[in-house]
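This report describes the fold of one protein chain, from its overall dimensions down to single residues. The structure is shown first, and the description follows.

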Amino acid sequence: TGKYITTTYDYEAPIREWGELSKRYYAIKRVALFTKTFNDLVTKTRAVEGVVKSATKGIDIFTRVADDGATIIVLRNLGEATQLTKLIYNDKIYPLYTNIRVPGRNAKIVLLNYSIANTPFKMIYTSSEPLMLLKHGDEAVVIVYGDIFEVGEIAVEAPNIAVEYLQNVEVVEAGENRAVLRYIHGNEDRVAVLRSGESKLYVMA
C-alpha cells in the first residue's frame with residue numbers, strides 16, 4: 001500500500017492511496033443517493049439563473065427548476081469559513097426560523113416546492129440536505145442529512161396536516177395546512193410522522 005509514502009498524488013481523492021475513505025467519498029455518496037431516489041425531480045428540472053438568491057455574500061447559487069415550480073438549489077461556499085445564509089425566492093425568505101449552514105469550501109443541496117408524487121405532501125423548503133426518498137403506496141419517507149450539531153428545518157404543506165409522532169424534533173409552526181419542523185442533527189435519530197388523510201410522511205434526520 002501507499003500508507004507510508006511521503007508524497008501523494010491523490011489530490012483529495014474519494015479513496016486515498018492507502019484505502020481510507022475520505023470526506024469526499026461520503027459527499028459523492030450523498031449526491032448519488034439523492035440523484036437516485038429523487039430521480040423524478042432531477043430529470044424534470046432544467047438550469048435557470050436568478051430564480052433564487054442568497055441573503056449572504058460569498059455564497060454562489062445554482063438552481064434547477066421544474067415546470068411545477070419544484071426547485072433544486074446548490075449553495076456553494078468558496079471561502080474558508082462556514083457561512084450561515086437564507087434563500088430569497090419570490091420575495092419570500094427561507095428558512096423561516098433558522099439559517100442554512102454551508103461549511104467553508106463546500107456545497108450543499110436543498111429543495112424548494114417539491115411535491116412528493118402520489119401523496120398530498122409538498123416540501124416547501126429544507127435547510128438540511130435531502131439524502132433519500134422512499135415511497136410505498138401513499139406513504140413516503142424523507143431522510144435528510146446535516147453535520148452533527150447543525151440545526152435543520154423543514155416545512156411541509158398538505159390538506160389538514162397533522163403531527164402524529166415526534167422524536168427529538170420540535171414543531172415551530174403548526175397550521176391547518178402547514179407544519180414547520182426544527183431539529184438538531186446528532187447521533188440519535190430525529191423522527192417526525194405527519195398525516196394528511198390516509199397518507200403519511202416520515203421525516204428522518
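Strands here are DSSP runs of E at least two residues long, and they are numbered from the N terminus. In that numbering, Phe149 is found in the loop between strand 12 and strand 13 (151-157). The model is a predicted one.

**Overall form**

The secondary structure of the protein chain consists of two helices and 18 strands. The C-alpha atoms occupy a box of roughly 60 × 35 × 30 Å along the principal axes. For 205 residues, a compact globule would have a radius of gyration near 17 Å, and the 18 Å of the protein chain agrees with that. Of the 205 residues, 40% count as buried. Among contacts in the protein chain with a separation of 6 or more, 50% are between residues 24 or more positions apart.

The exposed area of the protein chain is about 11,300 Å², and carbon and sulfur atoms supply 52% of it. The side chains include 25 positive and 25 negative ones, and the centres of these two sets lie 4 Å apart.

**The eight-stranded sheet**

Eight strands form an open sheet in the order 1-3-4-9-10-13-16-15, with antiparallel pairing. Strand 1 (46-47) and strand 15 (170-174) stand at its edges; each has a single partner strand, so one side of each is left without a neighbour in the sheet.

At the strand 1 edge, two bridges join strand 1 to strand 3 (residues 59-65), and the two run antiparallel. Arg46 belongs to strand 1, and the residue opposite Arg46 in strand 3 is Val65. What does Arg46 contact, leaving aside its neighbours within four places in sequence? The contacts of Arg46 are Thr63, Arg64, Val65 and Asp67. Asp67 lies 21 residues from Arg46 along the chain, and the C-alpha atoms of the two are separated by 8.9 Å. Arg46 has a relative accessible area of 46%, which lies between the 20% limit for buried and the 50% limit for exposed, so Arg46 is classed as partly exposed.

**Strand pairs and hairpins**

Strand 17 (residues 191-196) is mostly covered, with five of its six residues buried. Strand 17 pairs with strand 14 (residues 162-167) and also with strand 18 (residues 199-204). The pairing with strand 14 is antiparallel and has five bridges; in it, Gln167 stands opposite Val191. The pairing with strand 18 is likewise antiparallel, over six bridges, and there Val193 stands opposite Tyr202.

Strand 11 (residues 129-136) and strand 12 (residues 139-145) run antiparallel and are joined by seven bridges. Met132 has Ile143 of strand 12 as its bridge partner.

Both the strand 11 and strand 12 pair and the strand 17 and strand 18 pair are hairpins with two residues between the strands. In the hairpin of strand 17 and strand 18, Gly197 takes a positive phi near 65 degrees. In the hairpin of strand 11 and strand 12, Gly137 takes a positive phi near 65 degrees.

The antiparallel pairs described above are collected here.

| Strand pair | Bridges | Residues opposite each other |
|---|---|---|
| Strand 1 and strand 3 | two bridges | Arg46 and Val65 |
| Strand 11 and strand 12 | seven bridges | Met132 and Ile143 |
| Strand 14 and strand 17 | five bridges | Gln167 and Val191 |
| Strand 17 and strand 18 | six bridges | Val193 and Tyr202 |

**Backbone features in loops**

Where does the cis peptide bond involving Tyr94 occur? This bond joins Tyr94 to Pro95, with omega about -5 degrees. Pro95 is placed in the loop between strand 7 (92-94) and strand 8 (100-102).

Asp91 is not a glycine, yet has a positive phi of about 65 degrees. Asp91 is in the loop between strand 6 (87-89) and strand 7. The relative accessibility of Asp91 is 81%, over the 50% limit, so Asp91 counts as exposed.

Phe149, in the loop between strand 12 and strand 13, also has a positive phi, of about 75 degrees, without being a glycine. Is the side of the chain at Phe149 buried or exposed? With a relative accessible area of 71%, Phe149 is exposed.

How values were computed: Residues are numbered from 1 along each chain as its sequence is written. This is a predicted model: local features need pLDDT of at least 70, side-chain atom pairs count only at pLDDT 80 or more; totals for chains, interfaces and linings use all residues. Side-chain values use heavy atoms; hydrogens and water are left out. Two strands pair if DSSP finds at least two bridges between them. Helices (H or I, at least four residues) and strands (E, at least two) are DSSP runs, numbered from the N terminus. The radius of gyration is taken over C-alpha atoms; the globule rule is 2.2 Å times the number of residues to the power 0.38. Buried means under 20% relative accessible area, exposed over 50%, partly exposed in between (1.4 Å probe, protein chains only). Contact means heavy atoms within 4.5 Å. Accessible areas come from the Shrake-Rupley method with a 1.4 Å probe; for residues, only the protein chains shown count as cover. Lys and Arg count as positive and Asp and Glu as negative; His and the chain ends are not counted. The place of a charge is taken as NZ of Lys, CZ of Arg, CG of Asp or CD of Glu.
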